[in-house]
Amino acid sequence: MEEQILIDLINKSMQASALQIRRSLGRMPYAVTREQALNQVAFLLNAKQAAQQVGK
């Protein structure tokens, strides 16, 4: 059990370090749901198609 606690603490420490690095680079972390990501991809594909239609 002590081994699992140690692994959990290391994981938390790594996540905190990654967060500090992102903040120092000026990028705030964010999380999106799968649905939000799919909606964004669909939006970008529609925008690309619309731009291609204008270019013709």
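Here are some questions and answers about this predicted model.

Student: How many helices and strands are there in the protein?
Tutor: Happy to start there. One of the helices is α1, covering residues 2–24, and α2 covers residues 34–55. The tally for the protein is zero strands and two helices.

Student: What span does α1 reach from its first C-alpha to its last?
Tutor: Let's begin with its length, which is 23 residues. At 1.5 Å a residue, a span of 33 Å is expected. The model comes close to that, with α1 reaching 33 Å.

Student: Which residue just after α1 takes a positive phi?
Tutor: Helix α1 runs over residues 2–24, and the place to look is just after it. The phi there is about 85°, and the residue that takes it is Gly26.

Student: What radius of gyration does the protein have, beside that of a compact globule of 56 residues?
Tutor: A good thing to check. The C-alpha atoms fill a box of roughly 65 × 25 × 10 Å along the principal axes. A compact globule of 56 residues would have a radius of gyration near 10 Å, but for the protein the value is 20 Å.

Student: What percentage of the residues of the protein count as buried?
Tutor: To count as buried, a residue needs under 20% relative accessible area. Leu38 in α2 has 46%, so it is partly exposed. Gln52, which also lies in α2, is partly exposed because its value is 44%. Over the 56 residues of the protein, the share that counts as buried is 0%.

Student: Is Ile5 buried, partly exposed or exposed?
Tutor: Ile5 sits in helix α1. The partly exposed class lies between 20% and 50% relative accessible area. Ile5 has 45%, so it is partly exposed.

Student: Which residues form a nonpolar patch on the surface with Ile5?
Tutor: A bit of helix geometry helps here. An α-helix has 3.6 residues a turn, so residues three or four places apart point the same way. The patch has about 380 Å² of accessible area together, and Ile5 shares it with Met1 and Leu9.

Student: How far apart are the C-alpha atoms of Gln52 and Glu35?
Tutor: Gln52 lies in helix α2. Along the chain, Gln52 and Glu35 are 17 residues apart. Their C-alpha atoms are separated by 26 Å.

Methods:
Residues are numbered from 1 along each chain as its sequence is written. This is a predicted model: local features need pLDDT of at least 70, side-chain atom pairs count only at pLDDT 80 or more; totals for chains, interfaces and linings use all residues. Side-chain values use heavy atoms; hydrogens and water are left out. Patches are made of residues with over 30% relative accessible area and no salt bridge: like charges are joined within 9 Å, nonpolar side chains (Val, Leu, Ile, Met, Phe, Trp, Tyr) within 5 Å. Accessible areas come from the Shrake-Rupley method with a 1.4 Å probe; for residues, only the protein chains shown count as cover. A salt bridge is a side-chain nitrogen of Lys or Arg within 4 Å of a carboxyl oxygen of Asp or Glu. Helices (H or I, at least four residues) and strands (E, at least two) are DSSP runs, numbered from the N terminus. Buried means under 20% relative accessible area, exposed over 50%, partly exposed in between (1.4 Å probe, protein chains only). The expected span of a helix is 1.5 Å times one less than its number of residues. The radius of gyration is taken over C-alpha atoms; the globule rule is 2.2 Å times the number of residues to the power 0.38.
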